[in-house]
Amino acid sequence: YQRRVHGEFAWYSFPSSFILTAAPLAAMTDPKEWYKNIPPVTKFIFTASVGTTLLANFGMLNAHSLVLNFGAIWDHFEIWRLLTGFFFFGKLGFPFLINMYFLYSYSIQLEQGVFEHARADYVYMLVICWLVLLVISFFLSLMLAGLPMIIAILYVWCAMHPDTIVNFWFGTTFKAPYLPWVLVGFNILLGGNGVMELLGIFVGHVYYFLKYRYPIDHGGPRLLETPLFISRLFQTGPRRPDEPRAYWGRGQRLAD
């Protein structure tokens, strides 16, 4: 959730700090080599999020000019807020580091897994989630929407890896689709309200349902086909993820 403290913006996301995912950060001793090997879409959103937040915290950017303010967007044409409201994560701290780890970890798994040969589809997924979150932010007067976007990415990954086992605090394990809901519950236990996580789940489910479940399970039209111009800009291979399959994780069975 988010709040204002003495004129500054503070962002809290405690549950994330207690998750051990199935795909840890790549073990690279050279930071330049590590950064060089991040796939381009993940590299862009990760760099934009870290860079925008750092510049604002060090006073190089005015934090109040970065948040979502639809009055300023309409009246003063401050259209950059439509993006910076997703890249700015408020005050620096351990929760920010954990959120960046989540962003990096799950985004890179989607880009190099399900969307390995269909980068354009991943870009379009992010665009759809961005647009849905903009509509929600307008009606709920949200100033920062980065955390719901991360949860939406996490939700899509979890939905596409239903058999992968993830580890939670105290050694508890469960299948990946439960992870977003566990985050909501744990946030509430720590004194939050879980609203930002719920918004991310909703946005991720909107994309996943319309892209996969609706046309496959209900025989509906494919409403989220990637536009041709995006495919021409970003497509990296012939394969497209036309069904909700992925490189399913081989997590350890709960009964083992």
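How many of the 19 residues of H5 are buried? I began with this helix in what is a predicted model.

**Helix H5**

I counted 15 buried residues out of 19 in H5, so the helix is largely enclosed by the rest of the structure. I then checked its length. H5 covers residues 94–112, and at 1.5 Å a residue it should span 27 Å. Its end C-alpha atoms lie 27 Å apart, which agrees.

**Cysteines**

I searched the whole structure for disulfides and found zero. I looked up two cysteines for burial. Cys129 has a relative accessible area of 0%, so I noted this residue as buried. Cys158 is at 1% relative accessibility and also counts as buried, because the cut-off is under 20%.

**Aromatic rings**

My search of the whole structure for aromatic pairs returned 16. One of them is Trp34 with Phe46, with centres 6.0 Å apart and planes at 85°, an edge-to-face arrangement. This pair links distant parts of the chain: Trp34 belongs to helix H1 (residues 31–36) and Phe46 to helix H2 (residues 40–57), twelve residues apart. Are the two rings' residues buried or partly exposed? Trp34 has a relative accessible area of 22%, so I entered it as partly exposed. Phe46, at 12%, is buried.

I also looked at Tyr101 and Phe102, which form a tilted pair, 6.2 Å centre to centre with 55° between the planes. Phe102 is buried, with a relative accessible area of 2%.

Following the ring pairs, I found a cluster of Trp34, Tyr35, Phe46 and Tyr104. Tyr35 has a further partner: the charged end of Lys43 sits over its ring, 5.0 Å from the centre.

**Nonpolar cores**

Which residues touch the most other members of the largest nonpolar core? This core has 66 residues, and I listed Leu110, Phe115, Tyr122, Met125, Ile153 and Tyr207. At least two core residues come from each of H2, helix H3 (70–76), helix H4 (81–87), H5, helix H6 (119–140), helix H7 (146–160), helix H8 (179–189) and helix H9 (195–217). H7 gives the largest share, 13 residues.

I took Met125 as an example and set aside its neighbours within four places in sequence. Met125 is then in contact with Leu110, Phe115, Ile153, Val156 and Tyr207.

I also noted a second, separate core of six residues, among them Ala63, Leu66, Val67 and Phe88.

Note on methods:
Residues are numbered from 1 along each chain as its sequence is written. This is a predicted model: local features need pLDDT of at least 70, side-chain atom pairs count only at pLDDT 80 or more; totals for chains, interfaces and linings use all residues. Side-chain values use heavy atoms; hydrogens and water are left out. Helices (H or I, at least four residues) and strands (E, at least two) are DSSP runs, numbered from the N terminus. The expected span of a helix is 1.5 Å times one less than its number of residues. Buried means under 20% relative accessible area, exposed over 50%, partly exposed in between (1.4 Å probe, protein chains only). A disulfide is a pair of cysteine sulfur atoms within 2.5 Å. Rings of Phe, Tyr and Trp (its six-membered ring) pair if their centres lie within 6.5 Å; planes under 30 degrees apart count as stacked, over 60 as edge-to-face and the rest as tilted. A charge sits over a ring if NZ of Lys or CZ of Arg is within 6 Å of the ring centre and within 35 degrees of the ring normal. A nonpolar core is a set of buried Ala, Val, Leu, Ile, Met, Phe, Trp, Tyr and Cys residues joined through side-chain atoms within 4.5 Å. Contact means heavy atoms within 4.5 Å.
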